[in-house]
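These are my notebook entries on a protein model. I set down what I looked up, one topic at a time.

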Amino acid sequence: MYKVVLEQKERVSQNKELLFNIIAIFVALVLSGIILAFYGFNPFTSFAGMFKSTFGSMFGFSETIVKTIPLIFTGLSVAMALNSKVWNVGAEGQLYIGALFAAVFAIYFPTLPKVFQIPMILMVSMIGGALWAFFPAILKMKFKMNEVISTLLLNYVAISVLDYFVYGPMKRKDNFPFSEDIPPEAVFNRIGFQNVHIGIFFALILVLIIYYVLKYTKFGYELRIIGSSIKAAHYAGINYERMMLFVFLLSGAFAGLAGANQLCGIEYKLHSHISDDLGYTGIIVAWLARSNPFMIVAFAFFMSSLIIGSEALQYEGVPVAIGKVMQSLILFAILGSELFKNYRIKLKRG
């Protein structure tokens, strides 16, 4: 008689982690191709069509960059929490609340010159996202509630809150469930490449700031210690609860910035589908990147190309849901790769 035994491996290097992620993506794409073939579509033609629609034209490439911007924000949001062993799966709801705060400020408060208006909108959206992250932080600190449950459930509450405003007090005069358009002073300028706007600079600046903070500051050092071992953090005299609260607020603030980006850079009005699951996709981005800020940019672009490409396949009769299936398979493949990354599988006599 033999039995399967899992032996713990030593911590693998970042290069090996990246290799495992690439293999997981490849496996997910193979499984996606099998699903396409099962429904009667040629997987090679479909993948070629996705590639062509994304990189075969200036418009497709620019739209991929536009979709990358909010994914950088939500990826950084999730990664900031993961660095301290906190699971914030509430970036979706925090994005909605950030967009709501930004819209209220842009539409109902006195309009400032653009050089002041846009920074104020960004700040207000960060406050909204941080406020929505504050609730699960308190629930975890005071009542030991699992943050995965609280942040996930609060996503649906945030969507309902936004629906209340766009179907109620903020409904536009023509009775459609949208807010009024934001003023021109609140609109992000385009940089001269199709629809790409200045939000790309805000996202990249945030990446550089987070990299510097994590690598060269005391806060980043304490965050790395907490991420390695909470017990070691206690022995080092680090106030874990205070750090956890601060991390929650930062994580929510970054997701709130994604809401401002969607409002001021793409939609120009508030509505119920302003996110389109960008918060959930940010979880995949952060996990693929292993919370590395620079790798988040790369994998945000990859996931964006997957989304844009799958949307373009609708014109060939392929359901757009295939793109969602691909994202899900990538996440499951990554989670499955954790087994092979952390354990050796051996057969031993029973």
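**Entry 1: N88.** I began with the side chain of N88, which reaches the backbone nitrogen of G90 at 2.9 Å. I should record that the model is a predicted one. The side chain of N88 also makes a polar contact with the side chain of S251, at 2.6 Å. I then asked where N88 is placed. I found N88 in the loop between α3 (58–82) and α4 (91–108). Is N88 buried or exposed? The relative accessibility of N88 is 1%, and buried means under 20%, so I entered N88 as buried. Setting aside neighbours within four places in sequence, I listed the contacts of N88 as S77, V78, A81, Q94, T151, S251 and G252. S251 therefore appears in my notes both as a contact of N88, where contact means heavy atoms within 4.5 Å, and as its polar partner.

**Entry 2: S310.** I turned next to S310, which lies in helix α12 (residues 293–312). The side chain of S310 reaches the backbone oxygen of I307 at 2.9 Å. I noted S310 as buried because its relative accessibility is 4%. Which residues does S310 touch, not counting those up to four places away in sequence? I found M50, V320 and G323.

**Entry 3: S32.** I looked up a further serine, S32, and located it in helix α1 (residues 14–38). At 3% relative accessibility, S32 counts as buried. Leaving out neighbours within four places in sequence, I recorded F47, M326 and L329 as contacts of S32. I also checked S32 against G93: the two are 61 residues apart in sequence, and their C-alpha atoms are 28 Å apart in space.

**Entry 4: Backbone angles.** I then went through phi values. Most residues other than glycine have a negative phi. I noted D277, where phi is near 65°, a positive value in a residue that is not glycine. D277 lies in the loop between α10 (240–267) and α11 (278–289). I entered D277 as partly exposed because its relative accessibility is 30%. R290 also has a positive phi, of about 55°, although R290 is not a glycine. I placed R290 in the loop between α11 and α12. The relative accessible area of R290 is 23%, so I marked R290 as partly exposed.

**Entry 5: The whole chain.** I finished with the protein chain as a whole. How many helices and strands does the protein chain have? I counted 13 helices and 2 strands. Along its principal axes, the C-alpha trace spans about 75 × 60 × 35 Å. I compared the radius of gyration with the value for a compact globule: with 350 residues such a globule would have one near 20 Å, and the protein chain has 21 Å, which agrees. Buried residues make up 48% of the 350 residues. Of the contacts with a separation of 6 or more, I noted that 79% come from residues 24 or more positions apart. The protein chain exposes about 17400 Å², and carbon and sulfur atoms supply 68% of this area. I recorded 28 positive and 19 negative side chains, with the centres of the two sets 12 Å apart.

Technical notes. Residues numbered from 1 in each chain as written. Predicted model: local features only at pLDDT ≥ 70, side-chain atom pairs only at ≥ 80, totals over all residues. Heavy atoms only, no water. Helix = DSSP H or I, 4+ residues; strand = E, 2+ residues; numbered from the N terminus. Buried < 20%, exposed > 50% of the residue type's maximum accessible area, 1.4 Å probe, protein only. Polar contact = N/O pair within 3.5 Å; in protein donor to acceptor, adjacent residues only side chain to side chain. Rg over C-alpha atoms; globule rule 2.2 N^0.38 Å. Areas by Shrake-Rupley, 256 points an atom, 1.4 Å probe, with all protein chains shown as cover. Lys, Arg positive; Asp, Glu negative; His and termini not counted. Charge placed at Lys NZ, Arg CZ, Asp CG, Glu CD.
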